[in-house]
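Here is a walk through some local features worth having open on your screen. Grab the viewer and follow along.

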Amino acid sequence: MKISFPHMGYSYLALKWLVENTGHECIVPPEPSSRTLDLGVRHAPEFACIPFKILMGTYLEVAEKGAEVILTSGGMGPCRAGLYWVMHQYILDELNTGVKVIAFEPPLCDLKDFIKKLRWVRRTGGLSVKEFVQVLRITWEKIKAIDEVEILSHEIRPYETNRGETTRKLWQALEMLDKANNEAEIQDAMQEGLKLLRDVAQDRSRNPLKIGIIGEIYVVLEPAANHYIQIMLGEMGVQTDRSIYLTSYTRKNTIVNLEGDVFQIAKPYLGEAPIGGHGANSIGETILYARHGFDGVVQLAPFACIPEIVAKSIIPAVSKDYGIPVLTLFIDEQTGKAGVQTRLEAFVDLLEKRREVKAKRGIERLVI
Amino acid sequence: MIKGYLGVDVGSVSTNLVVIDDQDQLLVEQYLRTNGKPIQTVQEGLHAIGQELPADVKIAGAATTGSARYLTSLIVGADIVKNEITAHAIASSALAEDVKTIIEIGGQDSKIIILRDGVVTDFAMNTVCAAGTGSFLDQQASRLLIPIEEFGNYALKAKNPVRIAGRCAVFAESDMVHKQQLGYNTEDIVAGLCEALVRNYMNNVGKGKEILAPVMFQGGVAANQGLVRAFNKYLGLEVIVPQHYGVMGAIGAAILARDASRKKGKTSFKGFNIQEINFKTSSFECKGCSNACEVVQFYENSELLARWGDRCGKWELHVV
């Protein structure tokens with residue numbers, strides 16, 4: 001089978017390995033480009049949000065390259081994204097692409113269906129259960145290693161003395177990880193990649209601002225959809241942490257993980273109302289970032305995304321209670337980054353000024 | 001000799017240039033239409049403002065702001081480049097220390113800036129829609145055959161402003177046409193448009209913001225008395241329109257230029273006579289990797305001054 005999947009940040013490297021080692025051919029999804037967007041916009045319903053349009057474009061691009069099956073995620077709850085794969089399938093059928101979309105629903109929602117679909121992937125690839133479990137394990141290790149080097153790159157970038165060096169080293173590290181085929185090789189590649197990043201020429205006398213990135217999963221995870229916001233902020237001298245990594249749940253070095261249940265934290269502001277998508281997360285994560293001493297938060301929301309709109313209208317209260325400024329960026333078809341740059345620069349000015357004022361007040365207090 | 005500080009604000013619709021002195025006094029100002037040609041407009045504007053400037057004033061610092069701020073900084077020789085949100089806030093708080101809210105509506109963007117004790121604490125800018133900005137009013141004025149300068153006066157004459165949908169520029173336009181076809185008079189429609197614009201602004205950028213007086217209303221659109229009245233009505237207070245409402249961004253830049261050049265001890269300003277210089281840009285697609293970055297090259301005559309647009313930094317170059 002020729003199998004493809006959505007492009008989400010650098011995860012494609014691990015997913016490619018998964019598909020290939022399950023006995024299938026992988027059609028690697030290209031990084032979303034203006035062509036992806038053109039295709040997506042042309043064939044998607046006008047009122048669909050940007051993740052739908054980018055995915056639509058990606059699916060059509062991989063269909064052109066011969067993909068027969070697309071593996072993606074489903075979803076449940078009030079956000080319409082849970083229905084997206086169905087719509088994508090309709091449109092792919094209408095365009096006679098012959099591509100079949102297989103969506104994995106959350107296992108807790110329909111375990112049988114989840115297992116059935118996994119079994120299909122395994123059997124058509126000709127793997128035994130044992131072999132398949134091993135492949136899944138290595139894939140997971142790979143995803144973890146990819147996240148690990150990316151996280152470090154966002155920590156180091158604001159200190160770099162030559163613009164772009166961190167990003168270039170990150171690409172090198174990812175290339176090495178791409179070539180790793182077992183757990184030992186992944187470990188080696190990761191260690192070497194981390195070292196490459198640590199060796200970037202840095203000015204450690206800087207005291208970078210810290211900004212948390214929250215919002216809807218696709219625009220948070222896919223740099224091509226969010227104007228490479230973490231790189232942009234990093235090069236403006238800001239350290240960023242984003243709320244979502246594919247491996248967030250298992251790690252301790254990200255702010256947002258299972259340790260603190262974001263839903264529980266968001267509860268005082270939401271009550272029992274389920275607002276779907278990552279809306280509740282956005283509220284809880286703003287609180288978490290404030291508690292961890294971050295200077296500010298940037299919320300990324302697809303234009304017309306209902307969960308994020310609801311979150312946006314609640315966030316001013318959170319922002320006031322916890323004293324953390326939040327900037328919301330709505331993301332749509334625009335590819336010009338000047339507008340985003342302007343807002344981010346102004347936001348950074350605001351945060352820097354706040355820090356100055358705070359420091360001054362601190363000194364005054366000491367004097368008194 | 002008097003020291004002057006130049007601020008240049010190049011936006012989508014207008015290019016504003018000002019020179020201020022050490023006491024924040026405006027010495028000269030120029031307001032030009034950008035017409036999609038920022039380089040040429042800046043050259044013309046600089047020449048014009050140089051002619052106008054008293055002979056005993058010497059430029060001791062320069063700064064640029066607005067959406068073409070980086071490009072312009074290369075032409076002008078700026079000591080500092082600043083985003084327009086910060087520039088507007090600086091200009092307003094220099095004028096009135098206690099200002100708590102700034103409403104700024106320009107050609108294609110509208111913003112709200114919240115200040116407390118002279119420090120920006122929050123801001124928002126319209127993101128994906130240009131409804132509620134100057135360009136929209138411009139279009140509707142020409143559709144109604146009213147010179148944009150007269151637009152406000154029409155609104156002031158209205159007795160019963162017509163309700164017009166303001167959420168989206170396209171919907172507003174068709175709604176307005178329907179009301180015209182039903183025979184409502186132009187004054188009431190114009191006033192209705194002003195109210196629609198204010199409603200849209202408040203629902204869009206103003207949402208969730210704590211708007212406290214004094215409120216300053218600036219940007220080119222503040223010339224419109226109809227809008228001033230609509231804002232007063234909506235907010236239930238009197239907005240303040242500063243004397244130089246149209247060039248506040250440039251004034252903010254000039255103030256920043258003063259601070260920056262003092263810190264630097266000199267200025268990079270290239271002088272007013274640059275209209276002879278041929279500035280041009282060219283671009284190419286980098287073939288280095290699959291990102292295919294569009295790299296822009298900026299030339300002064302035949303000399304390559306700067307290059308930007310690449311993500312990896314391979315081509316990046318700043319001679320100045």
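H227(A) is buried, and its relative accessible area comes to 15%. Keep in mind that this is a predicted model. You'll find H227(A) in the loop between α9 (217–221) and α10 (229–235) of chain A. What is odd about its backbone is the phi: about 60 degrees, so a positive value, although H227(A) is not a glycine. As a rule, most residues other than glycine have a negative phi.

Chain B has a residue of this kind too. D24(B) is not a glycine either, and its phi is near 65 degrees, which is positive. D24(B) sits in the loop between β2 (14–20) and β3 (26–33) of chain B. Is D24(B) buried, exposed or partly exposed? With 32% relative accessibility, D24(B) counts as partly exposed.

**A sheet in chain B**

Now for the strands. Four of them make an open sheet in chain B, ordered β8-β7-β6-β9, and the pairing is mixed. At the edges are β8 (119–125) and β9 of chain B, each of which pairs on one side only. Ignoring direction, neighbouring strands of this sheet are turned by 15 degrees against each other on average.

Take β6(B), residues 101–105, as your way in. This strand is mostly covered, with five of its five residues buried. T101(B), I103(B) and I105(B) point one way from β6(B), while I102(B) and E104(B) point the other way, and all are buried. So which side is the charged-looking E104(B) on? E104(B) shares its side of β6(B) with I102(B). What does β6(B) pair with in the antiparallel sense? That partner is β7(B), residues 110–116, and the two are linked over five bridges. A hairpin of four residues joins β6(B) to β7(B). With β9(B), residues 215–218, β6(B) pairs in the parallel sense over four bridges.

To check the register by eye, use these pairs of residues that stand opposite each other:

| Residue in β6(B) | Opposite residue | Strand of the opposite residue |
|---|---|---|
| I103(B) | I112(B) | β7(B) |
| I103(B) | F217(B) | β9(B) |
| I102(B) | M216(B) | β9(B) |

**The loop before β9(B)**

The loop between α7 (186–204) and β9 of chain B holds P214(B). A cis peptide bond joins P214(B) to A213(B), with omega about -5 degrees. In general, most peptide bonds are trans.

K207(B) is in the loop between α7 and β9 of chain B as well. Its relative accessible area is 44%, so K207(B) is partly exposed. K207(B) and A124(B) are 83 residues apart in sequence, yet their C-alpha atoms are 9.1 Å apart in space.

**A buried leucine in a chain B loop**

L144(B) lies in the loop between α4 (134–143) and α5 (151–156) of chain B. Is L144(B) buried or exposed? L144(B) is buried, because its relative accessible area is 12%, and the cut-off for that is under 20%. Which residues is L144(B) in contact with, once its neighbours within four places in sequence are left aside? They are F151(B), M176(B), Q180(B), T186(B), V190(B) and L193(B). From L144(B) to V177(B) is 33 residues in sequence and 9.7 Å in space, C-alpha to C-alpha.

**Two helices in chain A**

Over in chain A, look at α6(A), residues 129–156, and α8(A), residues 183–198. These helices pack at an angle of about 5 degrees, and their axes are 10 Å apart. α6(A) and α8(A) are therefore roughly parallel to each other, since angles under 35 degrees count that way. The residues of this contact divide into nine nonpolar, three polar and six charged.

Among the residues on the α6(A) side are I138(A), A145(A), V149(A), L152(A) and I156(A), along with R137(A), E141(A), K142(A) and E148(A). The α8(A) side includes I186(A), M190(A), L194(A) and L197(A), as well as E183(A), G193(A) and R198(A).

**Cysteines**

How many disulfides does the structure hold over all chains? The count is zero. For C305(A), the closest cysteine sulfur is in C79(A), 6.0 Å away, which is too far for a bond, because a disulfide needs the two sulfur atoms within 2.5 Å. C305(A) is buried, with a relative accessible area of 8%. C194(B) in the other chain is buried too, at a relative accessible area of 0%.

How values were computed
Residues numbered from 1 in each chain as written. Chains lettered and ligands numbered in written order. Predicted model: local features only at pLDDT ≥ 70, side-chain atom pairs only at ≥ 80, totals over all residues. Heavy atoms only, no water. Buried < 20%, exposed > 50% of the residue type's maximum accessible area, 1.4 Å probe, protein only. Pairing = 2+ DSSP bridges. Axes fitted to C-alpha atoms, helices over the stretch in contact; angles between N-to-C directions. Parallel < 35°, antiparallel > 145°, perpendicular 65-115°, else oblique. Contact = heavy atoms within 4.5 Å. Nonpolar A, V, L, I, M, F, W, Y, C, P; charged D, E, K, R; others polar.
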